[in-house]
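Open the model in your viewer and keep the sequence panel beside it. The stops below each begin with something to select.

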Amino acid sequence: MDKASTELSIREIDWLFTPFLHRKLNLRTRLVMSSLPRLLARRGVPTPEMLAYYEQRAVHQLGLIVTEPVAVNDAAAAADEGKVCFYGGEALRAWKSICRAVHGLGCCMAPLLSHAGMRRYPALPAIGPSGIAPDTLKHCGESMSRERIRTVVQAFAAGADAARRLGFDAVVINGGDAGLIDQFLRPETNHRHDEYGGDIVARARFACEVVHAVRKAVGRRFPVIFRFSQGGVGSRAGALAHTPAELEAFLHVLCEAGVDMFACGGQGPAFSGSPLGLGGWTRLLTQRPVIVEDGVGLPGLRVEYVVRRMRAGEFDLVSVGRALLADAAWGSKIRQGSEADILSFTVRDDGNEDG
């Protein structure tokens, strides 16, 4: 690489560390830490090891940390007994301490409110839109009644209200990861014939009810972020939206329900014939800020390429996951031009199959 190309690359990388200014959320950089399960909680309560984990990363140029998936207050919300909760006095006090510590290092923080739905270990009772497991597409759980749906919706609202009261800067609703909301969104796992089943807008009804309840709980000024993905779990899972028009209809109802920002994965083209990824299409169709995640910082996807697309207006923030597991100082090393010193990610760094 010649000197001119090197200088251009440095200028492009610097864009990652410019402030993100939004009417509801201001971040010191455009670098977001992805949500990755760590399984460090005890009986659902955050531990000192978790506090240290977040502190070690907050100090290194991150603008926003999204927590690992946290279970809302429903008996079937946690995928297993090792997952951390976002309810109960002991757990919320621990989360408040973590949030304060991260703020003390100049970084913002948001919990990823989640419900596993049918993605629970076989020994645990599971619920879903139609009782169908997304991994196997087999009936092995309870189809949710309207009353149970209302209960879960209120559990998400209560979690969001707790986040606001504890001092978090935003809340992220997990509509991906093959969790409960995602199971409602996909025809493979949603076979309902009532108002929660049908086309993509009907299947999004549950997601919209969650967003609307969260918005009502936190008020107009608190940022609500919705996380989703185009692809599903398993070899037989299809795309969430097959055309831009279908994606637009889906995003429109979520915006109407109260979403301020979106987070989505996928660097490749979202639709045939278009170079735009899911993040680019979401930004284009909603004109709302978008966080893009999916392998940033890992071999095969250069940071400069991602930043160049961000500067072109395809999306607004870049999410980094596994690279930060391997090296907590990844952000600082990128900013300093010390890529050669970055520790490479290995499977041992992950430590859990859901990450």
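Select helix α2, residues 48-58, and colour M50, Y53, Y54, R57 and A58, which are buried. These residues span an arc of only 125° around the axis, so they sit on the same side of α2. An α-helix has 3.6 residues a turn, so residues three or four places apart point the same way. Keep in mind while looking that this is a predicted model.

What covers the buried residues of α2? Show β3 (31-33), β4 (64-71), α3 (89-104), β5 (108-114) and α11 (322-326), which are among the elements that do so.

**The nonpolar cores**

Next select W95. Not counting neighbours within four places in sequence, W95 is in contact with P46, M50, Y54, T67, V70, V84, C85, F86, M109, L166 and F168. Two of the buried α2 residues, M50 and Y54, are therefore found again in the contact list of W95.

Which residues touch the most other members of the largest nonpolar core? Add F226 and F250 to the selection: together with W95 they hold that place in a core of 96 residues. Helix α4, residues 146-166, supplies the largest share of this core, ten residues. There is also a second, separate core of 16 residues; select L27, V66, V172 and I291, which are among its members.

**Strand β9 and its partners**

Now select strand β9, residues 224-228, where R227 lies. Is β9 enclosed or open? Five of the five residues of β9 are buried, so the strand is largely enclosed by the rest of the structure. Turn the strand to look at each face in turn: V224, F226 and F228 lie on one side, I225 and R227 on the other, and all are buried.

Show the strands that pair with β9. Strand β8, residues 171-174, pairs with β9 in the parallel sense over four bridges. Strand β10, residues 261-265, also pairs with β9 in the parallel sense, over four bridges. I225 is a useful residue to centre on, being the bridge partner of V172 and standing opposite M261 in β10.

Stay in β9 and select R227 alone. R227 counts as buried because its relative accessibility is 12%, and the cut-off for buried is under 20%. Setting aside neighbours within four places in sequence, the contacts of R227 are L112, V172, I173, N174, G175, G176, D177, A263 and E293.

From the contact N174, go on to S114, which also touches N174. S114 is placed in strand β5 and counts as buried, with a relative accessibility of 8%. Leaving out residues up to four places away in sequence, S114 touches P69, V70, A71, V72, A77 and F156 as well as N174.

**Salt bridges**

Side chains of opposite charge can pair when their charged atoms come close. The whole structure holds 19 salt bridges. Three of them make up the next stops.

Select D260 and K24, whose side chains meet in a salt bridge at 2.8 Å, N to O. D260 is in the loop between α8 (244-257) and β10, while K24 is in the loop between β1 (20-21) and β2 (26-27), so the pair ties together parts 236 residues apart in sequence. Are these two residues buried or exposed? Both D260 and K24 are buried.

Move to D135 and R119, a salt bridge whose closest N and O atoms are 3.0 Å apart. D135 belongs to the loop between β6 (127-128) and β7 (142-143) and R119 to the loop between β5 and β6, 16 residues apart. D135 is partly exposed at a relative accessible area of 40%, and R119 is partly exposed at 28%.

Then select R146 and E195, where the closest N and O atoms of the salt bridge are 2.9 Å apart. R146 lies in helix α4 and E195 in the loop between α5 (180-185) and α6 (200-203), so this pair ties together parts 49 residues apart in sequence. R146 is partly exposed, with a relative accessible area of 41%; E195 is partly exposed too, with 31%.

For the last stop, select K24, R215 and D260. Salt bridges that share partners join K24, R215 and D260 into one network.

Definitions and conventions. Residues numbered from 1 in each chain as written. Predicted model: local features only at pLDDT ≥ 70, side-chain atom pairs only at ≥ 80, totals over all residues. Heavy atoms only, no water. Buried < 20%, exposed > 50% of the residue type's maximum accessible area, 1.4 Å probe, protein only. Contact = heavy atoms within 4.5 Å. Pairing = 2+ DSSP bridges. Arc of directions from axis to C-beta. Core = buried A, V, L, I, M, F, W, Y, C linked by side-chain atoms within 4.5 Å. Salt bridge = Lys/Arg side-chain N within 4 Å of Asp/Glu carboxyl O.
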